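Please open the model in your viewer and keep a selection panel at hand. The stops below say what to select next and what is to be found there.

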Amino acid sequence: MYVILPLIGGIILYFIISVAVRSGGAILNKKFVDLGVLKGKSYTEIEKAVGKPNSVSSAKGGKTIKQWIRTGYHIALIFDEKDICEGVSHQSHT
């Protein structure tokens with residue numbers, strides 16, 4: 001009995017912490033889903049809805065790749081030289 005209760009408590013605590021840690025990624029994912037189709041939207045419009053990206057890097061042809069990263073969710077978008085989204089380069093959920 002003394003061994004089972006801490007074990008059950010540990011398992012419950014693990015699941016609570018896991019949900020809490022991943023909640024940031026779930027919230028970010030929902031914000032992107034709520035935006036709908038990203039292609040054709042301006043960077044300003046996307047940033048206003050989801051916040052600033054964690055990473056910005058240059059790509060060929062004057063394009064940029066902007067990435068939003070939270071535990072459990074990562075999305076990278078390609079923007080043209082006028083900062084219009086050309087689409088999703090990478091997206092992952094865990």
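Select helix 2 and look at the face turned away from its buried side, where the exposed residues Thr44 and Lys48 sit; exposed stands for over 50% relative accessible area, buried for under 20%, and partly exposed for the range in between, with a 1.4 Å probe and protein chains only. Helices (H or I, at least four residues) and strands (E, at least two) are DSSP runs, numbered from the N terminus. This is a predicted model, in which local features need pLDDT of at least 70 and side-chain atom pairs count only at pLDDT 80 or more, while totals for chains, interfaces and linings use all residues. Residues are numbered from 1 along each chain as its sequence is written, and side-chain values use heavy atoms, with hydrogens and water left out.

Now turn to the other set of side chains in helix 2 (residues 43-50), where Tyr43, Ile46, Glu47 and Val50 are buried. These residues lie on the same side of helix 2, because they cover an arc of only 100° around the axis, the arc being that of the directions from the helix axis to the C-beta atoms. Move on to glycine 51, which follows helix 2 and has a positive phi, near 95°.

Next, select glutamate 47 together with lysine 52, whose side chains meet in a salt bridge at 2.8 Å, N to O; the term requires a side-chain nitrogen of Lys or Arg within 4 Å of a carboxyl oxygen of Asp or Glu. Lysine 52 counts as exposed, at 61% relative accessibility. A search of the whole structure finds 4 salt bridges, and two further ones come up later in the tour.

Show the strands next: they include an open sheet of 4 strands in the order 1-2-3-4, with antiparallel pairing, where two strands pair if DSSP finds at least two bridges between them. Strand 1 and strand 4 stand at the edges with a single partner strand each, so one side of each has no neighbour in the sheet. From one strand to the next, the twist averages 15°; axes are lines fitted to C-alpha atoms, for helices over the stretch in contact (heavy atoms within 4.5 Å), and angles run from 0 to 180 degrees between N-to-C directions. Helix 2 lies across strand 2, strand 3 and strand 4, and runs at about 5° to strand 2.

Walk through the sheet pair by pair. Strand 1 and strand 2 run antiparallel and are joined by 4 bridges, and serine 57 stands opposite isoleucine 65 in strand 2. Between strand 2 and strand 3, also antiparallel, there are 7 bridges, with isoleucine 69 opposite histidine 74 in strand 3. These two strands form a hairpin with 2 residues between them, and glycine 72 in the turn has a positive phi of about 95°. Strand 3 itself is mostly covered, since 6 of its 7 residues are buried.

Finally, select the hairpin of strand 3 and strand 4, which has 5 residues between the strands and, in the turn, aspartate 83 with a positive phi of about 65°. Which residue forms a salt bridge with aspartate 83? The partner is lysine 66, with the closest N and O atoms 2.8 Å apart. This pair links distant parts of the chain, 17 residues apart, with lysine 66 in strand 2. Lysine 66 is buried, with a relative accessible area of 6%, whereas aspartate 83 is partly exposed at 27%. End with lysine 63 and glutamate 86, which meet in a salt bridge at 3.0 Å, N to O.
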